[in-house]
Amino acid sequence: MNSTDQPNKWARLLAYVTGLVNQQLLLQNEYLAAENRILRSHLPARLRLSDPERSALAEIGKRLGRRGLEQVAGVAQPDTILAWYRRLIARKFDGSKRRSYPGRPPIDGETEALIVRMATENSSWGYDRIVGALANLGYPVSDQTVANVLRRYGIARAPQRCQKTTWKEFISAHMAVLAGVDFFTVEVLTWRGLATYYVLFFLQLETRRVSLAGITRHPTEEWMTQMGRNATDEACGCLRQHRYVLHDRDSKFCTEFRETLAAGGVKCLRLPPRSPNLNAFAERWV
């Protein structure tokens, strides 16, 4: 036997042994696959696996590949097992829990509520004024923090906030100098039959005091002008300490009546059409 025959002999022997091993592994895999199918048929329709069990199947399934999983996978579809693997890898490299975020910590809810309350109740206060008020109360914050809070709640800055006064804020701020005026009617029995009389009254919003200005069957411009003079009289007029009067768009509140009140230092505020709730005190009293 020459030297070249010896390596060929060992190669043939190795191939024979390897073929036997491969054949043995194929038979074992075939048996295990059949056994798994039989056992799977006796289990519930849906098998619940724990996270460690999913991780173990996902790691082996990734090495086996999609084609191999299609032949042996029984507890889940191959796509599901590979999705478990992708989720496992994503969780492995997820460092968000150990990540330290830069910036200041958020302020507590009590301080945030105080900032919003100060801004809404004091429309002329800017960021620095609110910061100073909070510092006096023991809440040190920066002007940028105040700006961020107000922006988050949709509250404008001080100049714009002063120009966007709501009707409720206007009423609350001017309650002492506001009055409402309106009519109500009464039916009076006369010798000619029932007659409708118009009663003009003023209502002071702060004290809810009602002053009957006059009663007439025909509230003409001359009569309304005289009622305006009486109401703004410096000695005994019911509007002598008021600056604004709310009234609806009734034609009886004529231009002469409004000009007479304006000459006495009282400005008439005509309400929008069909808005009785804006003069609710007078409407409720009637």
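Q: Which residues in helix 6 do Y127, D128, I130 and V131 in helix 5 meet?
A: This is a predicted model, so take the contacts as computed from it. On the helix 5 side the partners are Y127, D128, I130 and V131. On the helix 6 side they are D143, V146, A147 and L150.

Q: How do the residues of that contact of helix 5 with helix 6 divide by class?
A: Asp counts as charged, while Tyr, Ile, Val, Ala and Leu count as nonpolar. D128 in helix 5 meets helix 6, and D143 is among the residues on the other side. Sorted that way, the contact has six nonpolar, no polar and two charged residues.

Q: Are helix 5 and helix 6 roughly parallel or roughly perpendicular to each other?
A: Their axes are 9 Å apart, and the packing angle is about 110°. Angles of 65 to 115 degrees fall in a single class. Helix 5 and helix 6 (residues 143–152) are therefore roughly perpendicular.

Q: What is the orientation of helix 4 and helix 5 to each other?
A: Helix 4 covers residues 109–121 and helix 5 covers residues 127–136. Their axes come within 10 Å and cross at roughly 130°. Perpendicular stops at 115 degrees and antiparallel needs over 145, so this pair is oblique.

Q: Is the crossing of helix 4 and helix 5 left-handed or right-handed?
A: We're still on the pair that crosses at roughly 130°. The hand of the crossing of helix 4 and helix 5 is right-handed.

Q: How many nonpolar residues does the contact of helix 4 with helix 5 have?
A: Helix 4 brings L114, I115, M118 and A119, and helix 5 brings I130, A133 and L134. There are no polar and no charged residues in this contact. The nonpolar tally is seven.

Q: How is helix 4 oriented to helix 6, parallel or perpendicular?
A: The axes of helix 4 and helix 6 come within 10 Å. They cross at roughly 75°, and the perpendicular class runs from 65 to 115 degrees. That makes the pair roughly perpendicular.

Q: How many charged residues are in the contact of helix 4 with helix 6?
A: E112, I115, V116 and A119 in helix 4 meet V146, V149, L150 and R152 in helix 6. Glu and Arg count as charged. Six of the contact residues are nonpolar and none is polar, while the charged ones number two.

Q: Is H247 buried or exposed?
A: H247 sits in strand 4 (residues 244–247). Beyond four places in sequence, H247 has contacts that include V181, F253, R258, C268 and N279. The cut-off for buried is under 20% relative accessible area; H247 has 0%, so it is buried.

Q: How many disulfides does a search of the whole structure find?
A: The sulfur of C238 has its closest cysteine sulfur in C236, 9.2 Å away, which is too far for a bond. C268 isn't paired either, with the nearest cysteine sulfur, that of C254, 9.9 Å away. A disulfide needs sulfurs within 2.5 Å, and the count for the whole structure is zero.

Q: What is the relative accessibility of C268?
A: C268 is one of the residues in contact with H247. C268 counts as buried because its relative accessibility is 16%.

Q: Which residue has a positive phi although it is not a glycine?
A: Look in the loop between strand 2 (193–204) and strand 3 (210–216). The residue there is partly exposed, with a relative accessible area of 44%. Its phi is about 60°, and it is R208.

Q: How far apart in space are T216 and T185, C-alpha to C-alpha?
A: T216 is in strand 3 and is buried at 14% relative accessible area. Not counting residues within four places in sequence, T216 is in contact with Y197, Y198 and W223. T185 lies 31 residues away in sequence, and the C-alpha distance is 9.7 Å.

Q: What is the distance in space between F184 and V199, C-alpha to C-alpha?
A: F184 is in strand 1 (residues 178–190). Among the residues F184 touches are Y197, Y198, V199, L212 and W285. F184 and V199 are 15 residues apart in sequence, with a C-alpha separation of 5.4 Å.

Q: What share of the residues in the protein chain is buried?
A: The chain holds eleven helices and five strands. Of the contacts with a separation of 6 or more, 51% join residues 24 or more positions apart. Out of 286 residues, the buried share is 30%.

Technical notes: Residues numbered from 1 in each chain as written. Predicted model: local features only at pLDDT ≥ 70, side-chain atom pairs only at ≥ 80, totals over all residues. Heavy atoms only, no water. Axes fitted to C-alpha atoms, helices over the stretch in contact; angles between N-to-C directions. Helix = DSSP H or I, 4+ residues; strand = E, 2+ residues; numbered from the N terminus. Parallel < 35°, antiparallel > 145°, perpendicular 65-115°, else oblique. Left-handed = near helix turned anticlockwise from the far one by under 90°. Contact = heavy atoms within 4.5 Å. Buried < 20%, exposed > 50% of the residue type's maximum accessible area, 1.4 Å probe, protein only.
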